Amino acid sequence: PKGTVYSVSFSPDGSQLASGGDERAVRVWDYARRRPIRCLQGHDGKNDCICLDGGLEADEECPVSGHRGTVTALAFSPNGRRIASGSEDCTAKV
């Protein structure tokens, strides 16, 4: 990834790390393997889903509207199945 990271959050079980920054994207990482699992970018249209039962899956897609500004806040839900993100564009996404 390029750019500056402004926010990170670990999943409740510590297996995943979400990062967000001035790329207007939320990246989810497999922490043990140090590899990206998922990237949600700031645009409208079809994009990968991060809110799935049973964890994050590589081939799932759903329509989402991404951030248009720097991602400045991230938090996993207590069960680790959802990520909330906040941005300088004055929006919050789940």
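**Exercise 1. Salt bridges and burial**

Aspartate 30 is buried, its relative accessible area being 17%, and it is a useful place to enter this predicted model. Task: establish how many salt bridges the model contains, and state for aspartate 30 which residue is its partner.

*Solution.* Step one is the count, which comes to two salt bridges. Step two concerns aspartate 30, which forms a salt bridge with arginine 33, the closest N and O atoms being 3.3 Å apart. Step three is to place both partners by accessibility: a residue is buried under 20% and exposed over 50%, so aspartate 30 with 17% is buried, whereas arginine 33 with 62% is exposed. Step four takes the other bridge, in which the side chains of glutamate 23 and arginine 27 meet at 3.1 Å, N to O. Here arginine 27 is the buried partner, with a relative accessible area of 18%, while glutamate 23 reaches 31% and therefore counts as partly exposed.

**Exercise 2. The four-stranded sheet**

Task: give the strand order of the open sheet of four strands, and identify which strands lie at its edges.

*Solution.* The order is E1-E2-E3-E4, and the pairing is antiparallel. The edge strands are E1 and E4, since each of them pairs on one side only. From one strand to the next, the twist averages 20°. The pairing can then be followed in detail at E1, which is joined by five bridges to strand E2 (residues 16–21), the two running antiparallel. Within this pairing, phenylalanine 10 stands opposite leucine 17 in E2. A further residue to locate is valine 28, which lies in strand E3 and is buried, with a relative accessible area of 0%. Between valine 28 and leucine 40 there are 8.6 Å in space, C-alpha to C-alpha, although the two are 12 residues apart in sequence.

**Exercise 3. An aromatic pair and a charge over a ring**

Task: classify the geometry of the pair formed by the rings of phenylalanine 10 and tyrosine 31, and say which residue lies over the face of tyrosine 31.

*Solution.* A pair of aromatic rings is described by the distance of the centres and the angle of the planes. The count for this model is one aromatic pair. The ring centres of phenylalanine 10 and tyrosine 31 are 4.9 Å apart and their planes stand at 80°, and because planes over 60 degrees apart count as edge-to-face, that is the class of this pair. The pair links distant parts of the chain, 21 residues apart, with phenylalanine 10 in strand E1 (residues 5–10) and tyrosine 31 in the loop between strand E3 (26–30) and strand E4 (35–40). As for accessibility, phenylalanine 10 has 42% and counts as partly exposed, and tyrosine 31, with 35%, also counts as partly exposed. The last step turns to the face of the tyrosine 31 ring, over which arginine 34 lies at 4.3 Å from the ring centre.

**Exercise 4. The three-stranded sheet and its hairpins**

Task: describe how strand E8 is paired with E7 and with E9, and decide whether E8 is mostly covered or mostly open.

*Solution.* Begin with the sheet as a whole, an open arrangement of three strands in the order E7-E8-E9 with antiparallel pairing, in which E7 and E9 are the edge strands, each pairing on one side only. Next, consider the side of E8 that faces its partner E7 (residues 71–76), where five bridges join the two antiparallel strands. Two residues of E7 serve to fix the register: alanine 75 has alanine 84 as its bridge partner in E8, and valine 71 has serine 87. The hairpin of E7 and E8 has six residues between the strands, and glycine 80 in this hairpin takes a positive phi near 80°.

The other pairing joins E8 to strand E9 (residues 92–93) over two bridges, again in the antiparallel sense, and here serine 85 stands opposite lysine 93 in E9. These strands also form a hairpin, with four residues between them, and cysteine 90 in the turn has a positive phi of about 70°. To finish, the burial of strand E8 (residues 83–87) is read residue by residue: four of its five residues are buried, and the strand is mostly covered.

Note on methods
Residues numbered from 1 in each chain as written. Heavy atoms only, no water. Phe/Tyr/Trp six-rings, centres within 6.5 Å; stacked < 30°, edge-to-face > 60°. Buried < 20%, exposed > 50% of the residue type's maximum accessible area, 1.4 Å probe, protein only. Lys NZ or Arg CZ within 6 Å of the ring centre and 35° of its normal. Pairing = 2+ DSSP bridges. Salt bridge = Lys/Arg side-chain N within 4 Å of Asp/Glu carboxyl O. Axes fitted to C-alpha atoms, helices over the stretch in contact; angles between N-to-C directions.
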